[in-house]
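This briefing covers selected residues, a nucleic acid contact surface and the enclosed spaces of one model. Please look over the sequence and the structure before reading on.

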Amino acid sequence: MNESILKIYEKLYNLYGPQGWWPLIDLESENLNKSGATHGYHPLNYELPETEKQKYEIILGSILTQNTAWTSAEKALLNLKKITNFNPEKILSLDDEVLKKAVRPAGFLNQKSTYIRGITKFFSSLEGTTPSRNEILKVKGVGNETADSILLYAYKKPEFVVDTYTRRIFSNLSLVDEKISYMELKKLFENNLPLSVPIYQEYHALLVEHAKRYYRKKPYDDILKI
DNA sequence: AACCAGGACGTGA
DNA sequence: TCACGTCATGGT
């Protein structure tokens, strides 16, 4: 009944193309993807992540990017890779001040360093198994969006990710009320899309890309000049 | 120089 | 439940 959900997806996909989320720093040579990229985004490769280390990198990124520009979260990720190579045990063994210093460029260093310790213990306890949504939500620092991001991008589970951009775009188009709850908006997408991990992954990424261009609260000057 | 960024938590009504 | 203050650094 909400054909607009799928039509908007097709329109955005035709506009921007495959987005290749979630970006990975840790793309080693054995994981060379179809696009030929060796780091960052990997359009049309839906096999990633292929290793536990890559899953863990996505989980770290999902915490670090909370209410934070990805460019800032990525700096913190690079710091963590440099000093731990995304080894969970090394993260846990870090001195607290060292961890905070690495997290600093992503902001909220006190909270995020604590959250990273918590979710690292949780990740290690999984021993390679896939957690349920409710299990991830019990981890302090993991709310609805972070849980869905982890499930969709790290574990390839069909959980649609809603963020502030999603709500902003669709309420601006008068397709939903701006006060719609996270779960309601999530179900609206899931009820009107094929049960497809690649489509869920691309749709969320496309909405972020589109919102960055046209739905900033305060548009950048260079965009306004276009 | 304010304003915002790929949110989550604790509190009080 | 739900609104509101708080957390923090970096880009514009």
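The points below go from two buried residues to the DNA surface and then to the cavities.

The model is predicted. Gln19 and Leu206 are in contact with each other, and DNA strand C is surrounded by 11 residues. The cavities of 30 Å³ or more number two.

**Gln19**

- Gln19 sits in the loop that runs between helix H1 (3-16) and helix H2 (52-64).
- Because its relative accessibility is 14%, and buried means under 20%, Gln19 counts as buried.
- A polar contact of 2.8 Å joins the side chain of Gln19 to the backbone oxygen of Gly17.
- Beyond its neighbours within four places in sequence, Gln19 is in contact with Tyr41, Glu202, Ala205, Leu206 and Glu209.

**Leu206**

- Leu206 belongs to helix H11, which spans residues 197-214.
- With a relative accessibility of 0%, Leu206 counts as buried.
- Setting aside neighbours within four places in sequence, the contacts of Leu206 are Tyr9, Leu12, Tyr13, Tyr16, Gly17 and Gln19.
- Gly17 therefore appears twice in this picture: its backbone oxygen is reached by the side chain of Gln19, and Gly17 is in contact with Leu206, where contact means heavy atoms within 4.5 Å.
- Leu206 and Trp21 are 185 residues apart along the chain, and 9.6 Å separates their C-alpha atoms.

**Surface near DNA strand C**

- Of the 11 residues that surround DNA strand C, the closest are Lys75, Arg104, Phe108, Asn110 and Gln111.
- Among the atoms of DNA strand C that come within 4 Å of the protein, 64% belong to sugar and phosphate.
- The side chain of Lys75 places an N or O atom 2.5 Å from a phosphate oxygen of DNA strand C.
- Gln111 uses a polar backbone atom instead, at 3.1 Å from a phosphate oxygen of DNA strand C.
- For Phe108, a backbone N or O atom is 2.9 Å from a sugar or linking oxygen of DNA strand C.
- At least two residues of this surface come from each of helix H3 (70-84) and helix H6 (109-126).
- H6 has the largest share of the surface near DNA strand C, with three residues.
- By class, four residues of this surface are nonpolar, five are polar and two are charged.

**Largest cavity**

- The largest cavity holds about 40 Å³ of space.
- Its lining consists of Gly20, Trp21, His42, Leu44, Asn45, Tyr46, Gln201, Glu202 and Ala205.
- Glu202 and Ala205, which are part of this lining, are also among the contacts of Gln19.
- Trp21 is another lining residue, and its C-alpha atom is 9.6 Å from that of Leu206.
- The lining divides into four nonpolar residues, four polar residues and one charged residue.

**Second largest cavity**

- The volume of the second largest cavity is about 30 Å³.
- Ile59, Ile119, Phe122, Phe123, Leu126, Pro131, Ile136, Ile150 and Tyr155 line the second largest cavity.
- H6 contributes the most to this lining, with four residues.
- H6 also supplies three residues of the surface near DNA strand C.
- By class, the lining of the second largest cavity has nine nonpolar residues, no polar ones and no charged ones.

Conventions: Residues are numbered from 1 along each chain as its sequence is written. Chains are lettered from A and ligands numbered from 1 in the order in which they are written. This is a predicted model: local features need pLDDT of at least 70, side-chain atom pairs count only at pLDDT 80 or more; totals for chains, interfaces and linings use all residues. Side-chain values use heavy atoms; hydrogens and water are left out. Buried means under 20% relative accessible area, exposed over 50%, partly exposed in between (1.4 Å probe, protein chains only). A polar contact is a pair of N or O atoms within 3.5 Å; within protein, one must be able to donate a hydrogen and the other to accept it, and residues adjacent in sequence count only if both atoms are side-chain atoms. A residue is near a molecule or strand if one of its heavy atoms lies within 4 Å of it. Ala, Val, Leu, Ile, Met, Phe, Trp, Tyr, Cys and Pro count as nonpolar, Asp, Glu, Lys and Arg as charged, and the others, Gly among them, as polar. On a 1 Å grid over the protein atoms alone, a cavity is a set of points where a 1.4 Å probe fits but cannot get out, and a pocket is an open set with protein on both sides within 12 Å along at least five of seven lines; lining residues have an atom within 4 Å of a point. Grid points are joined across faces, edges and corners, and a volume is the space filled by probe spheres set on the points.
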